[in-house]
Amino acid sequence: MELVVSPLCMVGLSNGIKKELTSPLLMLYYYAAILWRLLMSRISITLPNSFLEELLKVVPAKSKTEAVIKAITDEIRMKKKKNIKSMAGKITFTKKAAELRHKDERLG
């Protein structure tokens, strides 16, 4: 579905439905709803109750969704950190830290 916006605050969808947005607040709400649908995905997962209860005890969150998001974010962060640590000693630098810190090559 494609969004078409005209300068007269008329919002039309590619299926032919048109709606006039009369207030700035209504326009803001409408565009926020569109952004939400574009940026967020809904999924259904089945988790054991014991796992979810333990997660809620360990992760400070107001809801189950927030707890799961925090847990996934932490896991991604830890994997990235582990990946960076695994590169230790495998990268060679052509310049010393002091050269990079004190010499600005843009000035010549």
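With which residue does Glu75 form a salt bridge, and how far apart are the closest N and O atoms? The partner is Lys79, and the closest N and O atoms of the pair are 3.8 Å apart. The model in which this contact appears is a predicted one, and the contact itself is best read after a look at the overall architecture.

The protein has 108 residues, of which 6% count as buried. Its secondary structure comes to four helices and three strands, and, read along the sequence, these elements follow the pattern β-β-β-α-α-α-α. Three of the helices give the landmarks for what follows: helix H1 spans residues 24-39, helix H2 covers residues 49-58, and helix H3 runs over residues 64-86.

Helix H3 is a good place to begin with the charged side chains. A search of the whole structure finds three salt bridges, and the pair of Glu75 and Lys79 is one of them. Because Glu75 and Lys79 are four residues apart in helix H3, about one helical turn separates the two. Glu75 has a relative accessibility of 38% and therefore counts as partly exposed, since that class lies between the cut-offs of 20% and 50%.

Another salt bridge joins Lys70 to Glu66, with the closest N and O atoms 3.5 Å apart. Here too the spacing is four residues in helix H3, so that Lys70 and Glu66 stand about one helical turn from each other. Lys70, at 32% relative accessibility, counts as partly exposed, and Glu66, at 29%, likewise counts as partly exposed.

Asp74 and Arg77 supply a further salt bridge, in which their side chains meet at 3.8 Å, N to O. Both residues lie in helix H3 and are three residues apart, which is about one turn of the helix. With a relative accessible area of 36%, Asp74 is partly exposed, and Arg77, with 43%, is also partly exposed.

Helix H3 also takes part in the largest pocket, which has a volume of about 620 Å³. Of the 14 residues that line this pocket, those closest to its centre are Ser41, Ile43, Thr65, Val68 and Ile69. The largest share of the lining, five residues, comes from helix H3. By class, the lining is made up of nine nonpolar, three polar and two charged residues.

Val68, one of the residues closest to the centre of the largest pocket, also offers a link to helix H2. Leu52 and Val68 are 16 residues apart in sequence, and their C-alpha atoms are 8.6 Å apart in space. Leu52 has its place in helix H2, and its relative accessible area of 14% means that Leu52 is buried, the cut-off for that class being under 20%.

What remains is the surface around helix H1, where the accessibility of a nonpolar side chain can be set beside that of Leu52. Trp36 lies in helix H1 and, with a relative accessibility of 58%, counts as exposed, because the exposed class begins over 50%. Trp36 belongs to a nonpolar surface patch of about 620 Å², which is made by Leu35, Trp36, Leu38, Leu39 and Met40.

Taken together, the path through the model leads from the salt bridges of helix H3, among them that of Lys70 with Glu66, through a pocket whose lining draws its largest share from helix H3, to the buried Leu52 and finally to the nonpolar surface patch that includes Trp36.

How values were computed
Residues are numbered from 1 along each chain as its sequence is written. This is a predicted model: local features need pLDDT of at least 70, side-chain atom pairs count only at pLDDT 80 or more; totals for chains, interfaces and linings use all residues. Side-chain values use heavy atoms; hydrogens and water are left out. Patches are made of residues with over 30% relative accessible area and no salt bridge: like charges are joined within 9 Å, nonpolar side chains (Val, Leu, Ile, Met, Phe, Trp, Tyr) within 5 Å. Accessible areas come from the Shrake-Rupley method with a 1.4 Å probe; for residues, only the protein chains shown count as cover. A salt bridge is a side-chain nitrogen of Lys or Arg within 4 Å of a carboxyl oxygen of Asp or Glu. Buried means under 20% relative accessible area, exposed over 50%, partly exposed in between (1.4 Å probe, protein chains only). On a 1 Å grid over the protein atoms alone, a cavity is a set of points where a 1.4 Å probe fits but cannot get out, and a pocket is an open set with protein on both sides within 12 Å along at least five of seven lines; lining residues have an atom within 4 Å of a point. Grid points are joined across faces, edges and corners, and a volume is the space filled by probe spheres set on the points. Ala, Val, Leu, Ile, Met, Phe, Trp, Tyr, Cys and Pro count as nonpolar, Asp, Glu, Lys and Arg as charged, and the others, Gly among them, as polar.
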